[in-house]
Amino acid sequence: SDVYKRQLVLYLCSLTTGQCPEKQITGYMFESHYDCALSGYAVSGQTYMHLAKDDYFGIDRLNREKIAIKFHCQEMISPSD
């Protein structure tokens, strides 16, 4: 039978526009929704801190555009061996 795994996907969203134009598939795969969601919060926090120091984003842009990170755990089917 097939095995379901969850892949962590991050979105950069602007709360001023309601749009989430940038998507990042992290490559992290998880056996359970719980493990994926727990990692999603940690990875989102680390990513947000990196954006604050980034030349393209920076803390001023994060504040001005009210940038937030949304994530979800995309269920994937991988054939079992």
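**Figure 1. Lys-66 is partly exposed, with a relative accessible area of 45%.** This view, like the others, shows a predicted model. Lys-66 sits in the loop that runs between α2 (58-64) and β3. Leaving aside residues up to four places away in sequence, Lys-66 touches Cys-13, Ser-14, Leu-15, Thr-16 and Arg-61. Its phi is near 50 degrees, which is a positive value in a residue other than glycine. Most residues other than glycine have a negative phi. Val-43 can serve as a distant reference point: Lys-66 and Val-43 are 23 residues apart in sequence, and their C-alpha atoms are 19 Å apart in space.

**Figure 2. The whole protein chain has two helices and three strands.** In sequence order the elements follow the pattern β-β-α-α-β. The chain is more spread out than a compact globule, because its radius of gyration is 15 Å, well over the 12 Å that the globule rule gives for 81 residues. Along the principal axes, the C-alpha trace spans about 50 × 20 × 20 Å. Of the 81 residues in the protein chain, 31% are buried. The chain exposes about 5,700 Å², and carbon and sulfur atoms supply 53% of that area. When contacts between residues at least 6 apart in sequence are taken, 65% of them join residues at least 24 apart. The protein chain carries 8 positive and 10 negative charges, and the mean positions of the two sets are 7 Å apart.

**Figure 3. The largest nonpolar core has twelve residues.** Its members are Leu-8, Leu-10, Leu-12, Phe-30, Cys-36, Val-43, Leu-51, Phe-57, Leu-62, Ile-67, Ile-69 and Cys-73. Three elements give two or more residues each to this core: β1 (3-14), α1 (33-53) and β3 (67-78). One of the core residues, Ile-69, touches Leu-10, Tyr-11, Leu-12, Ser-44, Thr-47, Tyr-48 and Leu-51, again without counting residues up to four places away in sequence. Among these partners, Leu-10, Leu-12 and Leu-51 also belong to the core.

**Figure 4. Ser-44 is a buried residue of helix α1.** The relative accessible area of Ser-44 is 9%, and a residue counts as buried under 20%. Which residues does Ser-44 touch, not counting residues up to four places away in sequence? They are Leu-10, Ile-69 and Phe-71. Leu-10 and Ile-69 are both members of the largest nonpolar core.

**Figure 5. Tyr-41 is an exposed residue of helix α1.** Is Tyr-41 buried or exposed? Its relative accessible area is 60%, so Tyr-41 falls in the exposed class, which begins over 50%. Ser-44, in helix α1 as well, is buried. Tyr-41 and Ile-67 are 26 residues apart in sequence, with a C-alpha to C-alpha distance of 16 Å.

**Figure 6. Ala-68 is a partly exposed residue of strand β3.** The relative accessible area of Ala-68 is 24%. With residues up to four places away in sequence left out, Ala-68 touches Tyr-11, Leu-12, Cys-13, Leu-15 and Tyr-48. Tyr-11, Leu-12 and Tyr-48 are also among the residues that Ile-69 touches. Cys-13 and Leu-15, in turn, are among those that Lys-66 touches. The C-alpha atoms of Ala-68 and Lys-53 are separated by 15 Å, and the two residues are 15 residues apart along the chain.

**Figure 7. Met-29 is a partly exposed residue of strand β2 (residues 19-30).** Its relative accessible area is 39%. Where does Met-29 make contacts, once residues up to four places away in sequence are not counted? Met-29 touches Lys-5, Arg-6, Gln-7 and Met-76. Thr-16, which is one of the residues that Lys-66 touches, lies 13 residues from Met-29 in sequence and 31 Å from it in space, C-alpha to C-alpha.

Methods. Residues numbered from 1 in each chain as written. Predicted model: local features only at pLDDT ≥ 70, side-chain atom pairs only at ≥ 80, totals over all residues. Heavy atoms only, no water. Helix = DSSP H or I, 4+ residues; strand = E, 2+ residues; numbered from the N terminus. Rg over C-alpha atoms; globule rule 2.2 N^0.38 Å. Buried < 20%, exposed > 50% of the residue type's maximum accessible area, 1.4 Å probe, protein only. Contact = heavy atoms within 4.5 Å. Areas by Shrake-Rupley, 256 points an atom, 1.4 Å probe, with all protein chains shown as cover. Lys, Arg positive; Asp, Glu negative; His and termini not counted. Charge placed at Lys NZ, Arg CZ, Asp CG, Glu CD. Core = buried A, V, L, I, M, F, W, Y, C linked by side-chain atoms within 4.5 Å.
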